[in-house]
Amino acid sequence: MRTILITGPGGSGRTTVAAATALAAARQGTRTLLLGADRDDTLGAALGVRTGPEPVTVEPGLTVRRPDPAQGFRDDLATLQDRAASALDLLGASRLDPEELTPLPGADELALLRALRDAALAEAHDLLVVDLPPAPRALALLALPEELRRYLRRLLPPERQAARALRPVLGRLAGVPMPAEALYEAAARWDLELAAADAVVADRNTVVRLVAEPGPAGADAVRTAALGLALRGLRPDLLVANRALPEEEAPAGSWLAGPLAQQRKTLAEWQGTYDVRTVAHLGRDPRGTDDLAALDAPAVNADAAPVEWPVTDRLADDGFLVWHIPLPGAVRDELDLVRRGDELVVTAGPFRRIVPLPSALRRCTVDGAALREGTLAVRFAPDPRLWPQGR
């Protein structure tokens, strides 16, 4: 199954483009599922149908679903209370009733990740189109599975389960209760669920599609979003220039002259960097499948290539291994690198990611780094204490 994750700056029309993309694919014979997370049902407004937690068939081949974060939050907390019943009773805590629970910040993102994972595992569709939140929230959502898995591994290392038979004894000796086996079982289950969602995001058949209006504000937002995606190892397959004005000379003194000049300048800049497709402005807000079809949204880009972070062996020439990290749009003054054990902490602008080092680089020390033509090259020198002799 192929997956298209669609995002862009707020107000760029990304939801409309997501709906038009899914509709176009379905009318070409592709079994398509469209997922959204907007509580205001903007997907339903664009499609002309009401959407919700239950799948709705819009047309043959097109199904749309909008998961309910409130129900998912209530179910998760109820499960957690059941599994932690002994600890809650020990503390004298009273349980929360499902009727008094309201979803906390982040519940929407978790519900969408779960729906994304379930759709991929079900294998009932050929194409999954996901209407992500606006770009800043979308980037945080895409990072969530990897970051939560890292926290779980640090707080509850799986290797410590080997001592589960000794926990009752250790608890009596220490005079304090030891982590219950149910806690490790819950952590293992969460890790498995997060790994499934992370696998969908990182899959070679998953692409991110950016939507923005061609203009100064759209250009700034695309530049920032592309940098955040690059740090996650993702690259836009297409950049959709939405609500493009007709390329006609505006009459002298017309207010259209300024917006058209900005549009042409932005499109020229984008076309040198991205695969740009324009979607025309209809002169009204698209409503219903007829309007969505008139947008002529771009189809699936089968030629989109995954992002590679290759390691170059220059030991024979310079005595280094070089890790190449593509970061288009990065600024040298806003870059930071920190080696932490077998991980590298990379900061680029407002974004930060902790990535595990490839196995060969774990036996090396960081010797320096340079940013050239949008690629960060990190040099590693073999550590004599760890590097095999004779290499």
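Reading a predicted fold

Analyst: Let's start with strand S2. Thr32, Leu34 and Gly36 point one way from S2, Leu33 and Leu35 point the other way, and all are buried. Keep in mind that this is a predicted model.

User: What makes strand S2 (residues 32-36) count as mostly covered?

Analyst: The tally does it: 5 of its 5 residues are buried. A residue earns that word with a relative accessible area under 20%.

User: How do you know that S2 pairs with strand S4 (residues 62-65), and in which sense?

Analyst: Pairing takes at least two bridges, and S2 and S4 share 4 of them in the parallel sense. One spot to look at is Leu35, which stands opposite Arg65 in S4.

User: How many bridges join S2 to strand S5 (residues 127-131), and how do the two run?

Analyst: There are 5 bridges, and S2 and S5 run parallel. With at least two needed for a pair, S2 and S5 qualify. Here Thr32 stands opposite Leu127 in S5.

User: Why is Thr3 called buried?

Analyst: Its relative accessibility is 3%, and the cut-off is under 20%, so Thr3 counts as buried. You'll find Thr3 in strand S1 (residues 2-7).

User: Which residues is Thr3 in contact with, leaving aside its neighbours within four places in sequence?

Analyst: Beyond those neighbours, Thr3 touches Leu116, Leu128, Val130, Val200, Asn205, Thr206 and Val207. Each of these counts as a contact because heavy atoms come within 4.5 Å.

User: Over to the helices. What makes H6 and H9 roughly parallel to each other?

Analyst: The axes of helix H6 (residues 135-155) and helix H9 (residues 216-231) cross at roughly 0° and come within 10 Å. Angles under 35 degrees count as roughly parallel, and therefore H6 and H9 get that label.

User: Which residues of H6 and H9 meet?

Analyst: From H6 it's Ala135, Leu139 and Leu142, and from H9 it's Ala225, Gly228 and Leu229.

User: How do the residues of the contact of H6 with H9 divide into nonpolar, polar and charged?

Analyst: You get 5 nonpolar, 1 polar and no charged. Gly counts as polar in this scheme, which puts Gly228 of H9 in the polar slot.

User: What about the open sheet: in which order do its 4 strands come?

Analyst: The order is S9-S10-S15-S14, with antiparallel pairing.

User: What makes strand S9 (311-314) and strand S14 (364-372) the edge strands?

Analyst: S9 and S14 each pair on one side only. On average, neighbouring strands of this sheet are turned by 25° against each other, direction ignored.

User: How do you know that strand S10 (residues 320-326) and strand S15 (residues 375-382) pair?

Analyst: A pair needs at least two bridges, and 6 join S10 to S15, which run antiparallel. Within that stretch, His324 stands opposite Ala377 in S15.

User: Why does Ala377 count as buried or exposed?

Analyst: With a relative accessible area of 17%, Ala377 falls under the 20% limit, so Ala377 is buried. Its contacts beyond four places in sequence are Val322, Trp323, His324, Gly368, Ala369 and Ala370. The C-alpha atoms of Ala377 and Trp309 are 9.9 Å apart, although 68 residues separate the two along the chain.

User: What makes Trp309 and Trp323 an aromatic pair, and of which kind?

Analyst: Ring centres have to lie within 6.5 Å, and these two are 5.8 Å apart centre to centre. The planes are at 70°; over 60 degrees is edge-to-face, so that's the kind you have. The structure holds 1 aromatic pair.

User: Which parts does the pair tie together?

Analyst: Trp309 lies in the loop between helix H11 (289-294) and S9, while Trp323 is in strand S10, so the pair ties together parts 14 residues apart in sequence.

User: And why is Trp309 called buried?

Analyst: Its relative accessibility is 18%, and the limit is under 20%, so Trp309 counts as buried. Trp323 is buried too. Leaving aside neighbours within four places, Trp309 contacts nine-odd places along the chain, including Ala230, Gly233, Trp323, Arg353 and Val355. The C-alpha atoms of Trp309 and Gly233 are separated by 7.9 Å, with their positions 76 residues apart along the chain.

Terms used
Residues numbered from 1 in each chain as written. Predicted model: local features only at pLDDT ≥ 70, side-chain atom pairs only at ≥ 80, totals over all residues. Heavy atoms only, no water. Axes fitted to C-alpha atoms, helices over the stretch in contact; angles between N-to-C directions. Parallel < 35°, antiparallel > 145°, perpendicular 65-115°, else oblique. Buried < 20%, exposed > 50% of the residue type's maximum accessible area, 1.4 Å probe, protein only. Phe/Tyr/Trp six-rings, centres within 6.5 Å; stacked < 30°, edge-to-face > 60°.
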